[in-house]
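Colleague: I am new to this structure and would like a close look at a single part, followed slowly from one end to the other. Could you choose one part and describe it, together with whatever it touches and whatever helps to set it in context?

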Amino acid sequence: MHLKRVVISKVKPTLQKSIIEVYCMLFPECLRIADLGCSSGPNTLTVASKILDTIDLTCRCLNKKPPVFQVFLNDLPGNDFNTVFQSLPSFYEKLEKQKGAKFGPCFITGMPGLNSQPYMAEL
Ligand SMILES: C[S@@+](CC[C@H](N)C(=O)[O-])C[C@H]1O[C@@H](n2cnc3c(N)ncnc32)[C@H](O)[C@@H]1O
């Protein structure tokens, strides 16, 4: 678990740079995030959350209205999506507390199925 956190923090600067570049090139009304191999645990929403933080900060700096977010959490059908869904109310509550009611909205969905590129988070 610790190693995953280390990996997430190592890729964070690259992830942030890429997200800002893509966002500022397109200024999309809706931003879709796919986490391929999201698992069900303390890290499940970490990468998506870091992307939301980055976009929130960028929008504040540029005085732009934040886009709508759609987050697709993919993992194998045996993944414990129920636990992930049960964590969503507190995730949404935290999001509203930190970023205000005008942020998003952010819709999170579970996508059980075998993908051909596990362990990747994409825009
Ligand atoms: C190392 S864990 C990473 C979990 C999570 N992203 C994290 O950072 O804690 C890899 C996850 O990918 C899932 N996985 C492996 N192969 C997959 C595939 N072909 N399609 C979808 N998910 C897959 C596993 O079930 C597992 O939950």
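Modeller: Let me begin where helix α1 stops, since α1 is followed by phenylalanine 27, whose phi is positive, near 40 degrees. What you see is a predicted model, and everything I say about angles and distances is computed from that model. Phenylalanine 27 has this positive phi although it is not a glycine, and its place is in the loop between α1 and β1, the latter covering residues 30–36. With 12 C-beta neighbours inside 10 Å, phenylalanine 27 counts as exposed, because a residue with 12 or fewer such neighbours is put in that class.

Now to the helix itself, which runs over residues 2–26. α1 has 25 residues and reaches 35 Å from its first C-alpha to its last, which is close to the 36 Å expected at 1.5 Å a residue. Along the way α1 bends by about 45 degrees at lysine 12, and proline 13 follows within four residues of the bend.

How many of the 25 residues of α1 are buried? The count is 2, and α1 is accordingly described as hardly covered. Isoleucine 19, which has its place in α1, is a buried residue, because 20 other C-beta atoms lie within 10 Å and 20 is where the buried class begins. Cysteine 24 is also found in helix α1, but cysteine 24 counts as exposed, with 11 C-beta neighbours inside 10 Å.

The partner to look at next is helix α2, residues 46–62, whose axis comes within 10 Å of the axis of α1 and crosses that axis at roughly 45 degrees. An angle of this kind falls between the roughly parallel range, under 35 degrees, and the roughly perpendicular range, 65 to 115, and the two helices are therefore oblique to each other. The crossing of α1 and α2 is right-handed. On the α1 side the contact is made by Ile8, Lys12, Leu15, Gln16, Ile19, Ile20 and Tyr23, and on the α2 side by Thr46, Val47, Lys50, Ile51, Thr54, Ile55 and Thr58. Here two earlier residues return: lysine 12, where α1 bends, and isoleucine 19, which is buried, both belong to this contact. As background, residues three or four places apart in an α-helix point the same way, because there are 3.6 residues a turn.

Two distances help to place α1 against later parts of the chain. Isoleucine 19 and glutamine 70 are 51 residues apart in sequence, with 15 Å between their C-alpha atoms. The C-alpha atoms of cysteine 24 and threonine 109, which are 85 residues apart along the chain, are separated by 25 Å.

The end of α1 can also be set beside the end of α4, for just after α4 glycine 100 takes a positive phi of about 90 degrees. α4 has 12 residues and reaches 16 Å from its first C-alpha to its last, close to the 16 Å expected, and because the number buried among those residues is 1, α4 lies largely in the open. Serine 39, in the loop between β1 and α2, is another residue other than glycine with a positive phi, near 65 degrees, and serine 39 is partly exposed, with 16 other C-beta atoms within 10 Å.

Terms used:
Residues are numbered from 1 along each chain as its sequence is written. This is a predicted model: local features need pLDDT of at least 70, side-chain atom pairs count only at pLDDT 80 or more; totals for chains, interfaces and linings use all residues. The expected span of a helix is 1.5 Å times one less than its number of residues. The bend at a residue is the angle between axes fitted to the seven residues ending there and the seven starting there. Axes are lines fitted to C-alpha atoms, for helices over the stretch in contact, and angles run from 0 to 180 degrees between N-to-C directions. Angles under 35 degrees count as roughly parallel, over 145 as roughly antiparallel, 65 to 115 as roughly perpendicular and the rest as oblique. A crossing is left-handed if the near helix is turned anticlockwise from the far one by less than a right angle, and right-handed if clockwise. Two residues are in contact if their C-beta atoms, placed from the backbone, lie within 7 Å.
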